[in-house]
Amino acid sequence: RKTLNEIVRRHEVLRTSFVLEDAVPSQVISPALELVFDLIDLSELPHGEREARAQWLICEEAQRPFDLETGPLIRAELLRLGETEHIVLLTLHHIVSDGWSMGILVKEVAALYSAFVQDKPSPLPELMIQYADFA
């Protein structure tokens, strides 16, 4: 949670929604957004059923629509498959992410998670420019 919320804090685009004002699309950047997600515990299910249920949840999440006007345009869920085996479902609307930005996301998640599990501060420098500066 701490890692993903730091990602959301760092990147304004993940706190952005899109509204129409006089038929013109406009970005609305929320000053803060806490990404809240649930732990779905599948560990009590038999192994085969656990895997099938996880796949079903993944497909269901991938098909769930976003509301561009209200956001958020990022969602997360944590599936527990066992004591040390988990799946993080991280779903982003394509308007706030693409293949290139997913590479950045993965690198930042890895760096932040590694630091946070060791009770260290974020190793990432503050961003000098945000997506809205380009768009």
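What share of the contacts in the protein between residues at least 6 apart in sequence join residues at least 24 apart? The share is 56%, where contact means heavy atoms within 4.5 Å.

This is a predicted model, in which local features need pLDDT of at least 70 and side-chain atom pairs count only at pLDDT 80 or more, while totals for chains, interfaces and linings use all residues. Residues are numbered from 1 along each chain as its sequence is written, and side-chain values use heavy atoms, with hydrogens and water left out.

**Overall make-up**

The protein has 4 helices and 5 strands, in the order α-β-β-β-α-β-β-α-α from the N terminus on. Helices (H or I, at least four residues) and strands (E, at least two) are DSSP runs, numbered from the N terminus. The C-alpha trace spans about 55 × 40 × 25 Å along its principal axes. Of the 135 residues, 30% count as buried; buried means under 20% relative accessible area, exposed over 50%, and partly exposed in between (1.4 Å probe, protein chains only). The protein exposes about 8,900 Å², and carbon and sulfur atoms supply 57% of that area. Accessible areas come from the Shrake-Rupley method with a 1.4 Å probe; for residues, only the protein chains shown count as cover.

**The sheet**

Three strands form an open sheet in the order 3-4-5, with mixed pairing. Two strands pair if DSSP finds at least two bridges between them. Strand 3 (39-41) and strand 5 (86-92) are at the edges, and each has a single partner strand, so one side of each is left without a neighbour in the sheet. From one strand to the next the twist averages 20°; axes here are lines fitted to C-alpha atoms, for helices over the stretch in contact, and angles run from 0 to 180 degrees between N-to-C directions.

Strand 3 and strand 4 run parallel and are joined by 3 bridges. Strand 4 and strand 5 run antiparallel and are joined by 7 bridges. A hairpin of 5 residues connects strand 4 to strand 5. Some of the bridge partners are listed here.

| Residue | Bridge partner | Strand of the partner |
|---|---|---|
| Leu 39 | Leu 78 | strand 4 |
| Ile 74 | Leu 92 | strand 5 |
| Leu 78 | Val 88 | strand 5 |
| Arg 80 | His 86 | strand 5 |

Leu 78 thus appears twice, with Leu 39 as its partner and with Val 88 in strand 5.

**Nonpolar cores**

A nonpolar core is a set of buried Ala, Val, Leu, Ile, Met, Phe, Trp, Tyr and Cys residues joined through side-chain atoms within 4.5 Å. The largest has 18 residues, of which Leu 14, Leu 35, Ile 74, Leu 92 and Val 96 touch the most other members. Helix 1, strand 4 (74-80) and helix 3 (99-117) are the elements that give two or more residues to this core. Helix 3 provides the largest share, 4 residues. Ile 74 and Leu 92, both among the members named above, are also bridge partners in the sheet.

Val 96 is in contact with Val 13, Leu 14, Phe 18 and Leu 73, leaving aside neighbours within four places in sequence. Apart from the largest core lies another, of 6 residues, including Leu 42, Ala 54, Leu 57 and Leu 89.

**A buried histidine**

His 11 is found in the loop between helix 1 (2-10) and strand 1 (16-21). With a relative accessible area of 17%, His 11 is buried. Not counting residues up to four places away in sequence, His 11 touches Glu 108, Leu 127 and Gln 130. With Glu 108 there is also a polar contact between side chains, at 2.7 Å. A polar contact is a pair of N or O atoms within 3.5 Å; within protein, one must be able to donate a hydrogen and the other to accept it, and residues adjacent in sequence count only if both atoms are side-chain atoms.

**Backbone exceptions**

Most residues other than glycine have a negative phi, and most peptide bonds are trans. A cis peptide bond joins Gly 71 and Pro 72, with omega about -10°. Pro 72 lies in the loop between helix 2 (47-63) and strand 4.

Asp 22 has a positive phi, near 55°, and lies in the loop between strand 1 and strand 2 (24-29). Asp 22 is exposed, with a relative accessible area of 77%. Asp 119 also has a positive phi, of about 55°; Asp 119 lies in the loop between helix 3 and helix 4 (131-134) and is exposed at 73% relative accessible area.
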